[in-house]
Amino acid sequence: MLRSLLSSLLLVVTGVGAAAAALPPQPPPAPAGEPSWAAPLRERLEAADRRFAGDIGVFVQHLGSGEAFSFHADEPWYLASGIKVVVAIAVLQRVEAGDLSLETRVRLRETDFVDGAGQTNSWPAGTRLRVSYLLEQMIVYSDNTATDVLIRTVGEDEVNVLARALLHDAGLTITTLADVRRLAYAGFHPHAADLTSQDLLALQRAPAGPQRVRRLAELLHLAPENLLLHDLDSAFEAYYATNVNAASLRDYARMLEALAEGRALGTEQTRYLLDVMTRVRTGDRRIKAALPAGARFAHKTGTQYRRVCDLGIVTVRVAGANEQVVVAACARGAPTAAGERALRDVGAAVAASGVLKASTPDRSSP
């Protein structure tokens, strides 16, 4: 899979800078009969989009009524660590099938190590780690090494088959987090496809920018002038253009809807995964920061170079009953701090729109 994706990436790299700058996409016209909360939500999102240096995409759906709203949500959006929810579902389906249990221990290999947050990298190769530990590190702390161990455990092909089914996207491709880095750096030179785990860790220790590019050249035993590209912006934009690990936010919301409604997993594992997602320790300055007090947000964040996402299910108590709203949002084209502010604005727009107070229609009468 990596070699095939590398070929696609090289086609993109050869065209970097060749295309004229495209005009920013415009929101589609408001459809007739849209929910009452859509107009105020659109107004606030358009204001947030104008303040933001890049682009914002948002999909909101009230699960009780099925009412939905899209703001650039049908474009492909790079999901970053949002793909980890798919991996978790794949693992928990194996638990339900009896092939694994949360107590199963998986041996950590030297080739599993990837840079990033979480505690998995603190264990030496050869350590046997519980599936429950790896799942919590992956979701709560967005641990990349834990993710790649779990992808290896269930199989990358199985993860992709499940992702395409849950997101209704036959062309969706999900890779390991190590291959994300190899593909991004391969924009500089095809030999980056052979970077080892230790190489990737060494690259992460170099500050983002020219120093990291020089370190990459050293690891590839190349003179800097022999690289195909010369800055991280160009390399990562070329990688994003391949649409690997990308999907529409509408399709991602379909997966969250299936999870919330118990169609992705059985009752026990649905409850388990949603509980883990409510304990996420990343993204405190994103959507969650603007939600009303008492709201429960089962979500997963994603962060990569000039890309941030926050994707989850908001639960609020209205008139003695739980109302659930899926919010899937990403921002691109600006540094992380600016992207996080944009996603906090998304949370504020959702909270102010009225969708969190929308009651499920009474369908008992004919």
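**Entry 1: strand β1**

I began with strand β1 (residues 55–62), in which seven of the eight residues are buried, so the strand is largely enclosed by the rest of the structure. I note here that the model is predicted.

I then looked up the pairing partners of β1. With strand β9 (residues 321–332), β1 pairs in the antiparallel sense over eight bridges. I picked one position of this pairing and found that the bridge partner of Gln61 in β9 is Val326.

On strand β2 (residues 68–71), I found that its pairing with β1 is also antiparallel and runs over four bridges. Here Val58 stands opposite Phe71 of β2. I recorded that β1 and β2 form a hairpin, with five residues between the two strands. In the turn, Gly66 has a positive phi of about 85 degrees.

**Entry 2: positive phi outside glycine**

I next turned to backbone angles. Most residues other than glycine have a negative phi. Against that background I noted His72, which is not a glycine and has a positive phi of about 60 degrees. His72 is found in the loop between β2 and β3 (76–78). Is His72 buried or exposed? I read a relative accessible area of 6% for His72, which is under the 20% limit, so the residue counts as buried.

I made a second note on His221, a residue other than glycine whose phi is positive and near 60 degrees. His221 lies in the loop between α9 (210–219) and α10. Its relative accessibility is 72%, and His221 counts as exposed.

**Entry 3: aromatic rings**

How many aromatic pairs does a search of the whole structure find? I recorded seven. A pair of aromatic rings is described by the distance of the centres and the angle of the planes.

I looked up Trp123 and Tyr133, which form an edge-to-face pair at 6.4 Å centre to centre, with 85 degrees between the planes. Trp123 lies in the loop between β4 (105–107) and β5 (128–130) and Tyr133 in helix α4 (residues 131–140), so this pair ties together parts that are ten residues apart in sequence. I found Trp123 partly exposed, with a relative accessible area of 37%. Tyr133, at 23% relative accessibility, also counts as partly exposed.

I then took up Tyr239 and Tyr240, whose pair is tilted: the centres are 5.7 Å apart and the planes stand at 45 degrees. Both Tyr239 and Tyr240 are buried. I traced the ring pairs further and found that they link Tyr78, Tyr185, Phe236, Tyr239, Tyr240 and Tyr305 into a cluster.

I added a note on a charge over a ring. The charged end of Arg332 sits over the ring of Trp77, at 3.7 Å from the ring centre.

**Entry 4: the largest pocket**

I closed with the pockets. For the largest pocket I recorded a volume of about 530 Å³. Of the 27 residues that line this pocket, those closest to its centre are Asp115, Arg181, Thr303, Gln304 and Tyr305. I noted Tyr305 again, since I had already listed Tyr305 in the ring cluster.

Which elements give two or more residues to the lining of the largest pocket? I listed α7 (177–185), α10 (232–241), β7 (296–304) and α13 (336–353). By residue class, I found that the lining divides into nine nonpolar, twelve polar and six charged residues.

Technical notes: Residues are numbered from 1 along each chain as its sequence is written. This is a predicted model: local features need pLDDT of at least 70, side-chain atom pairs count only at pLDDT 80 or more; totals for chains, interfaces and linings use all residues. Side-chain values use heavy atoms; hydrogens and water are left out. On a 1 Å grid over the protein atoms alone, a cavity is a set of points where a 1.4 Å probe fits but cannot get out, and a pocket is an open set with protein on both sides within 12 Å along at least five of seven lines; lining residues have an atom within 4 Å of a point. Grid points are joined across faces, edges and corners, and a volume is the space filled by probe spheres set on the points. Ala, Val, Leu, Ile, Met, Phe, Trp, Tyr, Cys and Pro count as nonpolar, Asp, Glu, Lys and Arg as charged, and the others, Gly among them, as polar. Buried means under 20% relative accessible area, exposed over 50%, partly exposed in between (1.4 Å probe, protein chains only). Two strands pair if DSSP finds at least two bridges between them. Rings of Phe, Tyr and Trp (its six-membered ring) pair if their centres lie within 6.5 Å; planes under 30 degrees apart count as stacked, over 60 as edge-to-face and the rest as tilted. A charge sits over a ring if NZ of Lys or CZ of Arg is within 6 Å of the ring centre and within 35 degrees of the ring normal.
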